[in-house]
Amino acid sequence: MIQRYRNRDHPAWDRAIGIEGAASIDYLLGQEADRGRGLGSAAIAAFTDDVFAAYPDVAVVVAAPQQANAASWRALERAGFARVWEGLLDSDDPADAGPAYVYARPRPLP
Ligand SMILES: CC(C)(COP(=O)(O)OP(=O)(O)OC[C@H]1O[C@@H](n2cnc3c(N)ncnc32)[C@H](O)[C@@H]1OP(=O)(O)O)[C@@H](O)C(=O)NCCC(=O)NCCS
């Protein structure tokens, strides 16, 4: 599962992330046996390219993994994202409860 959305369509999340012109992605590999084989990194990289193609107004793609979820943030790093923030997100979602990182990949230059 992988999904995308413009942050401005979700004002509370947009405020929590605080990056203008951003779209967020969320992802998971449903079968545990599929994890740790490079699929997540490849999917995130390809999907991020597709977000930029589909949403010409989006300047940067972001994701906010928990700091404890090394597989998630390392997959982001392998997909070309850089860590831009760390701390506790102002979010009501229990999935965001612990210390988090924000990762970002800006739109590539033409
Ligand atoms: C997060 C997820 C999508 C990553 O996809 P993946 O295919 O498992 O990751 P990859 O095989 O592409 O590996 C990416 C990096 O994470 C590392 N990694 C993989 N599993 C790991 C684990 N359990 N602990 C620590 N690092 C791990 C890999 O070694 C690799 O890092 P490297 O380049 O430094 O070697 C997948 O693990 C998953 O679905 N997890 C459960 C759901 C989830 O956490 N979703 C994200 C919520 S923010």
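**Entry 1: Asp14**

I began with Asp14, which is found in helix H1 (residues 11-17). Helices (H or I, at least four residues) and strands (E, at least two) are DSSP runs, numbered from the N terminus. I noted for the whole notebook that this is a predicted model: local features need pLDDT of at least 70, side-chain atom pairs count only at pLDDT 80 or more, and totals for chains, interfaces and linings use all residues. Residues are numbered from 1 along each chain as its sequence is written, and side-chain values use heavy atoms, with hydrogens and water left out.

Is Asp14 buried or exposed, or something in between? I found it partly exposed, because its relative accessibility is 24%. The classes I use are buried (under 20% relative accessible area), exposed (over 50%) and partly exposed in between, with a 1.4 Å probe and protein chains only. I also checked Asp14 against Val102: they are 88 residues apart along the chain, and their C-alpha atoms are separated by 12 Å.

**Entry 2: strand pairing, from E1 onward**

I turned to the strands next. Two strands pair if DSSP finds at least two bridges between them. Strand E1 (residues 2-6) pairs with strand E2 (residues 22-27) over five bridges, in the antiparallel sense. Within that pair, I see Arg4 opposite Ile25 in E2.

E2 also pairs with E3, this time in the parallel sense, over three bridges. Here Ala22 stands opposite Val60 in E3.

I followed E3 (residues 60-63) further. It runs antiparallel to E5, and four bridges join the two. Val62 has Ala104 as its bridge partner in E5.

Which strand pairs with E5 over five bridges? I found strand E4 (residues 82-87), again in the antiparallel sense. Ala104 in E5 comes up once more here, opposite Ala82.

**Entry 3: E5 and its cover**

E5 covers residues 100-106. How many of its seven residues are buried? I get six, and the strand is mostly covered.

I then picked out Pro106, which belongs to strand E5. Pro106 counts as exposed because its relative accessibility is 52%. Its C-alpha atom is 4.1 Å from that of Val60, although their positions lie 46 residues apart in sequence.

**Entry 4: past the end of E5**

Pro108 has its place in the segment after E5. I list Pro108 as exposed, because its relative accessible area is 52%. Between Pro108 and Val84 the C-alpha separation is 17 Å, and they are 24 residues apart along the chain.

From Pro108 I went to Phe52, which has its place in helix H2. Buried or exposed? Phe52 counts as buried, because its relative accessibility is 6%. Phe52 and Pro108 are 56 residues apart in sequence, with 8.8 Å from C-alpha to C-alpha.

**Entry 5: around the ligand**

I moved on to the ligand. How many residues surround it? I have 18, and the closest are Gly38, Ser41, Asn69, Arg74 and Arg78. The cut-off for a residue near a molecule is a heavy atom within 4 Å of it.

Which helices each supply at least two residues of this shell? They are helix H2 (39-54) and helix H3 (70-78). I note that H3 gives the largest share, six residues.

**Entry 6: polar contacts with the ligand**

For polar contacts I looked for a pair of N or O atoms within 3.5 Å. Leu29 has a backbone N or O atom 2.7 Å from an oxygen atom of the ligand. For Leu39, a polar backbone atom is 3.5 Å from a ligand oxygen atom. Arg78 makes its approach with a polar side-chain atom, 3.3 Å from an oxygen atom of the ligand.

Last, I looked up the ligand's cover. On its own the ligand has 930 Å² of accessible area, and the protein covers 67% of that. Such areas come from the Shrake-Rupley method with a 1.4 Å probe.

Conventions:
A polar contact is a pair of N or O atoms within 3.5 Å; within protein, one must be able to donate a hydrogen and the other to accept it, and residues adjacent in sequence count only if both atoms are side-chain atoms.
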